[in-house]
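Please open the structure in a viewer and keep the sequence beside it. The tour below proceeds by selection, one stop at a time.

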Amino acid sequence: MLERLSQRIDATFLIVILLIMSISIITLYSSVNSAQSYKADLYRKQMLWFVVGTALMILTLLVDYHLLSAFSYIIYGASIVALIFTLIFGKHISGSKSWITLGPFNIQSSELCKVSVILLLATFLNAKRGEKLGFFNVLGIVAIVGIPLCLILLQPDLGTALTYLPIAFVSMFLSGIRFRTLLTLFLIMIVMAPVVWLNLKDYQRERIFTILDPSRDPSGSGYQLIQSKIAIGSGMLFGKGLFSNTQSRLDFLPAQHTDFILSVFGEVAGFAGISFAILLYAILFNRMIDTARVARDRLGLFISIGVLSMIAFQAFINMGMVVGLLPTIGIPLPLLSYGGSSVVSTMMALGLVMNVRMNRFAN
């Protein structure tokens, strides 16, 4: 079975994923300083997560996506139970109760839930068989995405919750939506905007103000962004090279192995390195668009576009965040940032897209 799989799998996907993984490992390894024991094993743990993610990706490839779709309600239900379990018995890390401890590992259920939402949403939209979405159809989509989103907001984890929105919006508009329904949605969003703003935490509003004026609190809310810009700028065109990235090795840059890993890579490999990383993501997105185009049915199309919207949104927000174009809201860069749950969910999602591509000629 594995031999047959190796003959049908798309090589471009694999090469790009391997290159992004390599950048992640090299960047984490270059950030290790002998005096910082907490960072010493990060690159080894990341390698372990890549192995786990690869195994789950292969498992996702071995099962036809139509069979996965048939069980999507059960997979989604299990994910919701996991989110509720996290809210009750979860572990607080960095101000959020988002983690379940399994032995030596902490698992973020909100990351793993994304794959189940994509699968169920694709199944739901596929059942509409091309008809334009009315108000009650949209309510169904809001329920599929809204239930996990609300549970994640209760943790609270605004950054991860926001990554669910593009999955819903892109899939909905791709499916086709009636003008009256669209207008109603637009009016609801306008009414809800001040409510959302009033319910943001003080530190979240501070991050938005910091985008407008990074120097307003250089030692507080603006510190991370200023250090990120210094790290990227000091890399200049070709970077300082391995183990010369002082901003991260001397711990000036917070969240350097998670949300701000691109800043570290910018310090190591410079503008040329960051450009190469962006090129890899562009190739990955282009391959997903092409998979959606050649998919043999609407289910494959919606799965591909759902995964694309999730990964592209995360990459766009993260890259905008580290250069100060967007607020710092705690979204990792897919496959490059350190984090087991993010790596595993991204690789399973990519496994779904490759599954669609492999089965494009099947009867």
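A residue is called buried when its relative accessible area is under 20%, exposed when it is over 50%, and partly exposed in between, using a 1.4 Å probe and protein chains only. This is a predicted model, in which local features need pLDDT of at least 70 and side-chain atom pairs count only at pLDDT 80 or more, while totals for chains, interfaces and linings use all residues. Residues are numbered from 1 along each chain as its sequence is written, and side-chain values use heavy atoms, leaving out hydrogens and water.

**The whole protein**

Begin with everything displayed. The secondary structure consists of 16 helices and three strands; helices (H or I, at least four residues) and strands (E, at least two) are DSSP runs, numbered from the N terminus. The C-alpha trace spans about 55 × 55 × 40 Å along its principal axes. Of the 363 residues, 50% count as buried. Where contacts (heavy atoms within 4.5 Å) link residues at least 6 apart in sequence, 72% of them join residues at least 24 apart.

**Isoleucine 9**

Next, select isoleucine 9, in the loop between α1 (2-8) and α2 (11-30). Is this residue buried or exposed? Isoleucine 9 counts as buried because its relative accessibility is 18%. Now add its contacts: leaving aside residues up to four places away in sequence, isoleucine 9 touches Leu14, Leu61, Met354 and Met358. Leucine 61 lies 52 residues away along the chain, yet the two C-alpha atoms are separated by 8.8 Å.

**Helix α9**

Move to helix α9, residues 165-175, and colour Pro166, Ile167, Ala168, Ser171, Met172 and Ser175, which are buried. To see what covers these buried residues, show the helices that include α6 (109-126), α7 (135-153), α8 (158-162), α10 (179-199) and α15 (298-322). Just after α9, select glycine 176, whose phi is positive, at about 100 degrees.

**Two cysteines**

Finally, select cysteine 113 and cysteine 150. How many disulfides does the structure hold? The number is zero, a disulfide being a pair of cysteine sulfur atoms within 2.5 Å. The sulfur of cysteine 113 has its closest cysteine sulfur in cysteine 150, and no bond is possible because the 12 Å between them is too far. Cysteine 150 is likewise in no disulfide. Their surroundings may also be compared: cysteine 113 is buried, at 1% relative accessibility, whereas cysteine 150 is partly exposed, with a relative accessible area of 45%.
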